[in-house]
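Here is a short round of questions and answers for a first look at a structure. Keep the view open as you read.

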Amino acid sequence: MKLRSYVAGTWYEAPDGFTEVASAVDGRPVALVSSAGLNFQRVLDHARTVGGPALRALTFHQRAELIKRLALYLNERKEPFYEVAFDTGATRKDNFVDIDGGIMTLFAFASKARRELPDACVAVDGAIEPLSKGGTFAARHIMTPLHGAAVHINAYNFPSWGMLEKLAPAIIAGVPAIVKPATQSAYVAYAVFQDIIASGILPEGSVQFIAGSFGDLLDRLTGQDVVSFTGSAQTATKLQRTPAIAQNSVRFIAEQDSLNAAILGPDVTIEAPEFELFVKELAREITTKAGQRCTCIRRAIVPRRMIDAVQGALAARLDKFVLGNPRSEKVTMGSLVSQGQRDDVRAAVAQLAQEATIVYGDPAAAPAVVDGDVNAGAYMAPVVLRCDRPLTSARVHSVEAFGPVTTLMAYDSIDEAIEIANRGEGSLVASIFSYDTPTADALVLGIAPFHGRVLVVDRDDAKEQTGHGTPLAPLVHGGPGRAGGGEEMGGIRGVFHYMQRTAVQGTPQRIATVSGVWNPGATETQSPGHPFERSFEELKVGETFYTASREITIADIERFAEFTGDSFYAHMDEAAAKASPFFEGRVAHGYLVLSFAAGLFVRSELGPVLANYGLEDLRFLKPVYPGDAIRVRLTVKAKTPRKPEYGEVRWSVTVFNQNDEIAATYDLLTMNATSAHVPALETVS
Ligand code: NAP
């Protein structure tokens, strides 16, 4: 099968220059890959002039909706992807992470974006910063999409997940993507990408696909483009030195090799549940995807007195794995992606063996395989090495054997365990197996600066913990140093990678209009009616309502104390209240102020306000004494659609006393019905 590229709205088949990709299972040719003859300037121009404007015309929520629709579409058509992906050597279980995992990542990004980003084209980052005494000059950071292309270079090991994990944040940010899968498994990415195009869900120009090399594309990048790379540190370093990337300060996010660690705590005995959990995780990590995972445990750091026991228990577990044709139901471990990759792994093991002893498996031997041809496929049995002096060894901390390989390392103290883990010079993930709080805490804090993610496993979270190797969409995926430099793809920060953070300075009104969020000092437009009688669409950002005022008496305070049981001395005892440096005498409860404030603005009739969703940023700034009178200013600060039936309204609430001093401020969140769904009594059965 000749893989085609998808560029400038059409499928392109190269005339020549093909690389033949063989099945990892039986060696038969499965794909021909070439991008020869492509005009890469045209590819970039199409992204910048067609895809970018189309995406930027949409709001974050609209883009997130597209990603969700795409996830639903692919989810219904995923079975053929599994069939194709077997040829990479991966079992069905391995491919679940790649295929279903990729689709789940789309869902996760779509839902996160709708919850955390506004239904607008601009996002704010942080609060408004007042910059002047008179209140006429302020600043706020806004985030806007870059006008270039998101250039995605993916590793071979997760062709579907790797592509979708990068596509979702770029599209949600409003930046078109150009995807280049690794040649070795490009046919899997191609199968998924064909369906992405067939769906017609994403606007034209928002995604393009290059089967084969990138030609001179990287030489044509500008400061508005972003490169997101996954692969080896060697390739990353080479690409980062591309003159255009260096000279134009092109953002370059790298997820690269990582010598991840798992530490068995010194508190763990052979009988402890954590011992078995550790060995089980280790065996699972080496065999899943035949160890071709960026997060795989490469270094198992074990108390010296336990290393023989761990070695024995691990060998017993590994003996149970069945290596062979991933299509066979009997098989629990598949092959490497290619015989070339197996050569690389064997070469890496040879380097490791200069400092460590092979204690399980023989990398050179032809392994027994089930339902497969050992000569035609890229099979390799697990290999375990043991290094008794890891602190005087170097290669075990720097050579990544990207296959079913791990090294056991002995340590004598917690400090040593930390130092060994950190010798990886920056990793994606480390896991700690311990049931002793001081030990686990010391290990977490000792290794955290060198790791993007730290997982602590013990008997209490054993059943529900998600595993050493599983990067979850809302969490950091990335790591410092060798792992790529600390940039992270996960969470909403993954979206922000494709956006520029700009500090906008000006009047509070300018900042409100630019950001779409009302802030104090900006124009207050008088609400045409009571705001609680207006539907989600009718309410306008900046719309303001002032309530009548209400005096607070000592009797109110006493009733409130009796009713709620809150008889804190500052409300009930004049002498004790005076002894506090904050009060001149008895004061009203903060919660009383909030409750009375609500009493001043809520409506008793059924109407568009459906529910109180909570308060944020609450501050009591001035005590309210008996005899004071409070009134409330209520302003619509921002609106976020949630469902067709309702949306979330963020109100800026300010409680003043009779001298117009601010007693309290907070954001109130309410769920408000849209016009077509305002509940009415006759519709209630
Ligand atoms: P690789 O050989 O470094 O290739 C990575 C990508 O770079 C491929 O798409 C490759 O394309 C492309 N590439 C190579 N030279 C290029 C050039 N001159 N211009 C543009 N693109 C170029 O890595 P791999 O073998 O695919 O993947 C295995 C490595 O990835 C391991 O080291 C693993 O640790 C790492 N990895 C890291 C993470 C992470 O999140 N940190 C995740 C997965 C994998 P071709 O295939 O066409 O050469």
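Q: In which sense do strand 3 and strand 4 pair?
A: Strands here are DSSP runs of E with at least two residues, helices are runs of H or I with at least four, and both are numbered from the N terminus. Two strands pair if DSSP finds at least two bridges between them. Strand 3 covers residues 19–22 and strand 4 covers residues 29–33, with four bridges between them. The sense is antiparallel.

Q: What should a reader know about the model and its numbering?
A: This is a predicted model, where local features need pLDDT of at least 70, side-chain atom pairs count only at pLDDT 80 or more, and totals for chains, interfaces and linings use all residues. Side-chain values use heavy atoms, with hydrogens and water left out, and residues are numbered along each chain as its sequence is written, from 1.

Q: Which residue in the turn between strand 3 and strand 4 has a positive phi?
A: The two strands form a hairpin, with six residues between them. The phi in question is about 80 degrees. It belongs to Gly27.

Q: Is Ala85 buried or exposed?
A: Ala85 sits in helix 3, residues 79–85. Buried means under 20% relative accessible area, exposed over 50%, and partly exposed in between (1.4 Å probe, protein chains only). At a relative accessible area of 1%, Ala85 is buried.

Q: Why is Cys387 in no bond with Cys296?
A: A disulfide is a pair of cysteine sulfur atoms within 2.5 Å. A search of the whole structure finds zero disulfides. Cys296 holds the cysteine sulfur closest to that of Cys387, but it is too far for a bond, because the distance is 17 Å.

Q: Which residues does Glu285 contact, beyond its neighbours within four places in sequence?
A: Glu285 lies in helix 9, residues 273–287. It is buried, at 2% relative accessibility. Contact means heavy atoms within 4.5 Å. The partners are Gly291, Arg293, Thr295, Cys296, Ile297, His468 and Gly469.

Q: How far is a polar side-chain atom of Thr183 from an oxygen atom of the ligand?
A: Thr183 is among the residues that come nearest to the ligand, along with Asn154, Ser232, Thr235 and Glu400. The distance from its polar side-chain atom to the ligand oxygen is 2.5 Å.

Q: Which element gives the largest share of the shell around the ligand?
A: Strand 10 (226–230) and helix 7 (233–240) are the elements that give two or more residues to this shell. The largest share is three residues. It comes from helix 7.

Notes
Near = heavy atom within 4 Å. Polar contact = N/O pair within 3.5 Å; in protein donor to acceptor, adjacent residues only side chain to side chain.
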